[in-house]
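Work through the exercises below with the sequence and the model at hand. Each task is followed by a stepwise solution.

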Amino acid sequence: MNPEEQYLDVNKESWNKRVDTHFDSEFYNVEGFLKGKTSLNSIELDLLGDITGKKILHLQCHFGQDSISLSRMGAEVTGIDLSDKAIEKAKELALRAGSETQFICSDVYNLPNVLNEQFDIVFTSYGTIGWLPDLDQWANVINHFLKPGGQFVFAEFHPVVWMFDDDFKSIAYNYFKSDAIVETNTGTYAEKEADMKLHTVSWNHSLSEVFTSLINHNMQITAFNEFDYSPYNCFSHTEEFEPNKFRIKHFGNNIPMVYSLLAQKTK
């Protein structure tokens, strides 16, 4: 089997394996979430603004914490994810949280074949586009689901971060998209010592690739920000220099770790 050709099957299995461990992890803090804690960060909240009454499509939602958090803010939310186990957990979590958030199991590219709605906002965040080989097709899906004048809200780990090896000691990967990155790793970012072996297929995407794909699909970028920290402690050799702000200790604030953007559908 060619892993790159079978990337959907490989990555679906990988994410299905993670779900139970993630759901029970301190990283995701489901107990705190069910008591009312939001899973959203200031980075994306600043771009979202008041979403009361808005229809939101959340792409690559994992088991739905951000989707439900958006619903708690007054939006009508549909979350989608490749992993059927994640969607099962998302529906369970919504039930336990008393939320009406809707969830659909689908990969991003196939979504227009299973969902026939338009939305005020399309949202996706943190560790999503690396699983997609074709950002032109991704941007086309975003455009497809947005109402005219609708907004795309995006927060993602900076492509500079993905250039480094896991120990952040040397440059291991191309900043620009090249061949698929086919890996086998143990553990998972939410539980690094977890007893699991994960096979994955991913791609790096430069900022210019992100911008160009959106612009080519009638999206006007109206805000762009870069941040010298991650709101998640999901990398090696990190230090928490402020509450819920993490940097690679030996890099300090010398590299960007996250970026965010806001784009509007022009037609």
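Two strands count as paired if DSSP finds at least two bridges between them. The model is predicted.

**Exercise 1. Give the strand order of the open sheet and find its edges.**

Step 1. Seven strands form the open sheet. Their order is E3-E2-E1-E4-E5-E11-E8, with mixed pairing.

Step 2. Look for strands with a single partner. These are strand E3 (102–105) and E8, so each has one side without a neighbour in the sheet.

Step 3. Check the twist. On average, neighbouring strands are turned by 15 degrees against each other, direction ignored.

Step 4. Take the E8 edge. E8 pairs with E11 over eight bridges, in the antiparallel sense. Phe227 stands opposite Val258 in E11.

**Exercise 2. Determine which strands H6 and H7 meet, and at what angles.**

Step 1. H6 lies across E1, E4, E5, E8 and E11. Its direction is at about 140 degrees to E5.

Step 2. H7 packs on the sheet and touches E5, E8 and E11. Its direction makes about 160 degrees with that of E8.

**Exercise 3. Describe the largest nonpolar core and name its best-connected members.**

Step 1. Recall the background. In soluble globular proteins, nonpolar side chains tend to be buried together.

Step 2. Count. The largest core holds 52 residues. Leu57, Trp138, Ile142, Phe152, Val210 and Leu214 touch the most other members.

Step 3. Assign elements. Those giving two or more residues are helix H1 (7–23), strand E1 (55–59), strand E4 (119–125), helix H6 (135–145), E5, helix H7 (207–215), E8 and strand E11 (258–265). H6 supplies the largest share, six residues.

Step 4. Zoom in on Leu214. Residues up to four places away in sequence are left out. Leu214 then touches Trp138, Ala139, Ile142, Phe152, Met219 and Leu261.

Step 5. Look for another core. A second, separate one has 13 residues, including Tyr28, Val30, Leu93 and Phe103.

**Exercise 4. Classify the ring pair of Phe157 and Phe235.**

Step 1. Set the scene. The whole structure contains 28 aromatic pairs.

Step 2. Apply the geometry. The centres of Phe157 and Phe235 are 5.2 Å apart, with 80 degrees between the planes. Planes over 60 degrees apart count as edge-to-face, so this pair is edge-to-face.

Step 3. Place the rings. Phe157 is in strand E5 (residues 146–157). Phe235 is in the loop between strand E8 (219–227) and strand E9 (238–242). The two are 78 residues apart, and the pair links distant parts of the chain.

Step 4. Check burial. Phe157 and Phe235 are both buried.

Step 5. Add the charges over rings. The charged end of Arg72 sits over the ring of Phe33, 4.2 Å from its centre. The charged end of Lys245 does so over the ring of Tyr229, at 4.8 Å.

**Exercise 5. Is Ser71 buried or exposed, and what does Ser71 contact?**

Step 1. Locate Ser71. Ser71 is in helix H4.

Step 2. Compare with the cut-off. Buried means under 20% relative accessible area. Ser71 has 18%, so Ser71 is buried.

Step 3. Widen the view. H4 (residues 65–72) is mostly covered, with seven of its eight residues buried. Among them are Gln65, Asp66 and Ile68.

Step 4. List contacts. Beyond its neighbours within four places in sequence, Ser71 is in contact with Val77, Ser99 and Thr101. The C-alpha atoms of Ser71 and Thr101 are separated by 6.4 Å, though their positions lie 30 residues apart along the chain.

Step 5. Leave the helix. Just after H4, Gly74 takes a positive phi of about 105 degrees.

**Exercise 6. Which phi values do Gln60, Tyr126 and Asn244 take, and where are these residues?**

Step 1. Know the baseline. Most residues other than glycine have a negative phi.

Step 2. Take Gln60. Its phi is positive, near 55 degrees. Gln60 is in the loop between E1 and H4. Its relative accessibility is 17%, so Gln60 counts as buried.

Step 3. Take Tyr126. Its phi is also positive, near 55 degrees. Tyr126 is in the loop between E4 and H6. At 11% relative accessibility, Tyr126 counts as buried.

Step 4. Take Asn244. The hairpin of E9 and E10 has two residues between the strands, and there Asn244 takes a positive phi near 60 degrees. Four bridges join E9 to strand E10 (residues 245–248) in antiparallel fashion. Thr238 stands opposite Ile248 in E10.

Note on methods. Residues are numbered from 1 along each chain as its sequence is written. This is a predicted model: local features need pLDDT of at least 70, side-chain atom pairs count only at pLDDT 80 or more; totals for chains, interfaces and linings use all residues. Side-chain values use heavy atoms; hydrogens and water are left out. Rings of Phe, Tyr and Trp (its six-membered ring) pair if their centres lie within 6.5 Å; planes under 30 degrees apart count as stacked, over 60 as edge-to-face and the rest as tilted. Buried means under 20% relative accessible area, exposed over 50%, partly exposed in between (1.4 Å probe, protein chains only). A charge sits over a ring if NZ of Lys or CZ of Arg is within 6 Å of the ring centre and within 35 degrees of the ring normal. A nonpolar core is a set of buried Ala, Val, Leu, Ile, Met, Phe, Trp, Tyr and Cys residues joined through side-chain atoms within 4.5 Å. Contact means heavy atoms within 4.5 Å. Axes are lines fitted to C-alpha atoms, for helices over the stretch in contact, and angles run from 0 to 180 degrees between N-to-C directions.
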